[in-house]
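Biologist: Please take one hairpin of this model and describe it closely, strand by strand and residue by residue. After that, place a few other parts of the chain beside it.

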Amino acid sequence: MRTQVGIVGAGPAGLTLAHLLQREGIESVVLEDRSREYVEQRLRAGVLEQAIADLLVESGAGERLRGEGIVHEGIELQFDRERHRIPLRDLTGGRSIVIYGQTEIVKDLIRLRLAAGLPLLFEVGDVSVDDLESERPSIRFAHEGAEHVLECDVVAGCDGYHGVCRPSIPAGVLSEFSRDYPFGWLGILAEVAPSNDELVYAHHERGFALLSLRSPELSRLYIQCRPDEDLAEWHDDRIWEELQLRLGLDGWTLAEGLILEKGITGMRSYVAEPMRFGRLFLAGDAAHIVPPTGAKGLNLALHDVRLLAEALVSWYRTGSSELLDGYSDACLRRVWRAEHFSWWMTSMLHRFDSGDDFDLRLQLSQLRYVTTSSAASTSLAENYVGIDRI
Ligand SMILES: Cc1cc2nc3c(=O)[nH]c(=O)nc-3n(C[C@H](O)[C@H](O)[C@H](O)COP(=O)(O)OP(=O)(O)OC[C@H]3O[C@@H](n4cnc5c(N)ncnc54)[C@H](O)[C@@H]3O)c2cc1C
């Protein structure tokens, strides 16, 4: 088998890259180790920066997003039992965020690709990438009982944090940077209309909570928990009780509903540099992850592949490798801005058991500053909606 770009992973990064390349007449094959059903049901992010929503719409993958995406012009920060609105749109010259589930983006892109009859293989096994420093890198994999070798011009490693591409880079090439946090998020998807028009990020002495949504009928809610929390100890009543305590305000109650899904997400910051080795280009979670507090993981993945697609188009059209050579540095500038913002939001909003209330006092001071100073709230807003040029 032979193609121009071999893409490992059919998450948002891999599928968007394949879509952007196809529009420019560049062939690719997408290989995914899970089933289509699994990939389409995997509940994850849901906050899109405006530039990313625009990218999907302008590239022809946003028909449903345009109709069903919910534009939010602000978010709320809650502390000391009061809510304070950060008017994102007013502070950023008119930019907003769009609520649209990652699962929906994935479904839209899969449907488009399969409808066009383009290669997207699910449930491949034993994936390995070889000859990455040559001009003919290849991907070996098993599919439907047969072994295959896919020869490519370049390989795009879009296979997430636990994929095979990054570990295939020889030891000593990558510099890795990481931070583990002493907590996780217990997240639920509930069949109930969101109790607030905008997202609420709540600082509370019992720990952080977030009120979010996926649609006008589905609420997405999170509470800070231990990283090794046993989900079995969290029966539905206990989850709602804890959410009521952390999000509750005088005169406002959180509407409860049937919990459709629950899960625990660990919190980690991680960056591998550079995002390239020979003809292998890493994109998205394969190269970097952020704690979800800044809503940046999905957005970063799509910013990466936008740059990678542009660089590949330029390379195929002109023969110049300038953009490909600059790919890693260009991505990493945005990645580190998002790493800082996600770390900063996480540090400001979560409870750290440091033995005294020093951290707590600092957090409250920072929250008061962010909600009263226009300079500080503008900084939060421009990072949250996504910085254009960095
Ligand atoms: C539980 C969870 C909750 C999250 N919540 C949020 C959130 O609220 N907000 C936010 O902004 N971000 C969130 N994120 C992060 C966000 O979802 C990711 O940043 C985003 O999915 C990155 O997309 P990706 O395509 O780079 O990687 P992924 O979505 O991880 O896609 C990688 C794909 O590669 C496949 N794959 C892996 N190994 C192989 C292999 N060997 N061969 C072939 N295919 C392979 C995987 O099955 C997967 O389909 C969350 C992440 C997790 C894990």
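Modeller: The answer begins with the basis of the values, then takes the hairpin, and then turns to other parts.

This is a predicted model, in which local features need pLDDT of at least 70 and side-chain atom pairs count only at pLDDT 80 or more, while totals for chains, interfaces and linings use all residues. Residues are numbered from 1 along each chain as its sequence is written, and side-chain values use heavy atoms, with hydrogens and water left out.

The hairpin is made of β5 (75–79) and β6 (82–86). Strands here are DSSP runs of E of at least two residues, and helices are runs of H or I of at least four, numbered from the N terminus. β5 and β6 are antiparallel and joined by five bridges; two strands count as paired if DSSP finds at least two bridges between them. Ile75 has Ile86 of β6 as its bridge partner.

β5 also pairs with β14 (residues 200–202), here in the parallel sense and over three bridges. Glu76 is matched with Val200 of β14.

Five of the five residues of β5 are buried, so the strand is largely enclosed by the rest of the structure. Buried means under 20% relative accessible area, exposed means over 50%, and partly exposed lies in between, using a 1.4 Å probe and protein chains only. In a regular strand, side chains alternate between the two faces of the sheet. In β5, one side carries Ile75, Leu77 and Phe79 and the other carries Glu76 and Gln78, and both faces are covered.

Two residues lie between the strands of the hairpin. Asp80, in the loop between β5 and β6, has a positive phi of about 50 degrees although it is not a glycine. With a relative accessibility of 46%, Asp80 is partly exposed. Arg81 is found in that loop too, and its phi is also positive, near 60 degrees, in a residue other than glycine.

Elsewhere, an open sheet of six strands has mixed pairing and runs in the order β8-β2-β1-β12-β19-β18. β8 (120–121) and β18 (276–277) are its edges, each with a single partner strand, so one side of each has no neighbour in the sheet. Within this sheet, β1 (residues 5–8) and β2 (residues 28–31) run parallel and share four bridges; Ile7 is opposite Val30 of β2. In the loop between β17 (258–273) and β18 lies Pro274, which is joined to Glu273 by a cis peptide bond with omega about -10 degrees.

Two helices, α1 (residues 12–23) and α6 (residues 102–115), pack at about 35 degrees with axes 10 Å apart. The axes are lines fitted to C-alpha atoms over the stretch in contact, and angles run from 0 to 180 degrees between N-to-C directions. Among the residues in contact (heavy atoms within 4.5 Å) are Leu15 and Ala18 of α1 and Val106 and Leu109 of α6.

Finally, the disulfide count is zero, a disulfide being a pair of cysteine sulfur atoms within 2.5 Å. For Cys152 the nearest cysteine sulfur is that of Cys165, 10 Å away; Cys152 is buried, at 0% relative accessible area. Cys331 is in no disulfide either, with the sulfur of Cys158 nearest at 11 Å, and Cys331 is buried at 2%.
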